[in-house]
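Subject: Structure for your review

Dear colleague,

Please find below the structure that I am handing over to you. My findings follow directly after it.

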Amino acid sequence: MRTSRITLITLALVTMPLLGCSTNAPMPHVAQVDLPRYMGAWYVIATIPSFPERHAYNAVESYAMRPDGKIQTTFRYRNGSFGAPVKTMHPVGTVQPGTGQAVWGEQFVWPIQAEYVIAYLDSSYRTVIVGRSKRDYVWIMARSPTLAPQEYAQLVQKVASLGYDTSKLREVPQQWPEPTP
């Protein structure tokens, strides 16, 4: 009896924030994403980080289409320094119908799917901003590990226009090729 009570309390604590009314407007998304073109590696340039990535170095998010139509995601980073061991997470993305393939659910733990919204994507598929309606996390990513300062500043301005507090942005240190131990 005690175990089921603890399970119910835990479930309530996890789901209550998901069920509450949000005062944030939905995160706008791009009209259409060419998924095959979007697949591949994206370097995390800056983020308002989630807990696991708050001290990430050399963070890279990679996407690959699965035969079932879902998106296999691999998030790889070093925690705290360039010399730290590589850590990885492997969530699975599910494209939400009717969103031009720009809104996904990213599942790290069953049955919860985190909102993943492609809020900005340049026409050459070189830079992207991924956000959430809660405005709690955001990612500026690029196909290369660095951006020119003016390009970065423009992306930060876009993040601000989406309703984020850009003072919370953390630039992710990137050093490639990686040092060998």
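In strand β9, I140 stands opposite I129 of β8. This pairing, like everything else in this message, is read from a predicted model. The two strands β8 and β9 run antiparallel and are joined by five bridges. They form a hairpin with six residues between the strands, and within that hairpin R135 takes a positive phi near 60 degrees.

Strand β8 also has a partner in β7. Four bridges join these two strands, which again run antiparallel. I129 faces Y120 across this pairing, while V128 stands opposite L121. β7 and β8 likewise make a hairpin, here with five residues between the strands, and Y125 in the turn has a positive phi of about 60 degrees.

How many of the residues of β8 are buried? Five of its five residues are, and the strand is described as mostly covered. The side chains can be followed in two sets: T127, I129 and G131 point one way, V128 and V130 point the other way, and all of them are buried.

I turn next to the nonpolar cores. The largest one has 24 residues, and those with the most contacts inside it are V33, Y38, Y63, W104, I118, L121 and M141. Several elements give two or more residues to this core: helix α2 (35-38) and the strands β1 (40-48), β2 (56-65), β3 (71-79), β7 (112-121), β8 (127-131) and β9 (138-142). A second, separate core has 21 residues, V117, Y152, L162 and L169 among them. As background, nonpolar side chains tend to be buried together in soluble globular proteins.

I118 is a useful residue to select on your screen. Apart from its neighbours within four places in sequence, I118 is in contact with P28, H29, V30, V33, Y38, Q101, A102, W104, V128 and I129. Two of these, V128 and I129, belong to β8 and point opposite ways from that strand.

Q101, one of the contacts of I118, sits in the loop between β5 (92-95) and β6 (103-109). Is Q101 buried or exposed? Its relative accessible area is 29%, which lies between the limits of 20% for buried and 50% for exposed, so Q101 counts as partly exposed. Leaving out residues up to four places away in sequence, Q101 touches Q32, V33, L35, V95 and I118. Q101 and D34 are 67 residues apart in sequence, yet the distance from C-alpha to C-alpha is 7.6 Å.

The aromatic residues deserve a separate look. The structure holds 10 aromatic pairs. One of them is the stacked pair of W104 and Y116, with 4.3 Å centre to centre and 10 degrees between the planes. W104 belongs to strand β6 and Y116 to strand β7, so this pair ties together parts that are 12 residues apart in sequence. Why do both count as buried? The relative accessibility of W104 is 1% and that of Y116 is 5%; both count as buried because the limit is under 20%. Ring pairs also link W104 and Y116 with Y38, W42 and Y63 into a cluster.

A further residue to examine is R76, which lies in strand β3. Its side chain makes a polar contact of 2.6 Å with the side chain of E178. Not counting residues up to four places away in sequence, R76 touches N58, A59, V60, V86, K87, T88, W176 and E178.

Finally, here is the overall picture. The protein chain has three helices and 10 strands. Along the sequence they follow the pattern α-α-β-β-β-β-β-β-β-β-β-α-β. Of the 181 residues in the chain, 39% count as buried. Among contacts between residues at least 6 apart in sequence, 55% join residues at least 24 apart. The accessible surface comes to about 10300 Å², and 60% of this surface belongs to carbon and sulfur atoms.

Yours sincerely,
A colleague

Conventions:
Residues are numbered from 1 along each chain as its sequence is written. This is a predicted model: local features need pLDDT of at least 70, side-chain atom pairs count only at pLDDT 80 or more; totals for chains, interfaces and linings use all residues. Side-chain values use heavy atoms; hydrogens and water are left out. A nonpolar core is a set of buried Ala, Val, Leu, Ile, Met, Phe, Trp, Tyr and Cys residues joined through side-chain atoms within 4.5 Å. Buried means under 20% relative accessible area, exposed over 50%, partly exposed in between (1.4 Å probe, protein chains only). Contact means heavy atoms within 4.5 Å. A polar contact is a pair of N or O atoms within 3.5 Å; within protein, one must be able to donate a hydrogen and the other to accept it, and residues adjacent in sequence count only if both atoms are side-chain atoms. Two strands pair if DSSP finds at least two bridges between them. Accessible areas come from the Shrake-Rupley method with a 1.4 Å probe; for residues, only the protein chains shown count as cover. Rings of Phe, Tyr and Trp (its six-membered ring) pair if their centres lie within 6.5 Å; planes under 30 degrees apart count as stacked, over 60 as edge-to-face and the rest as tilted.
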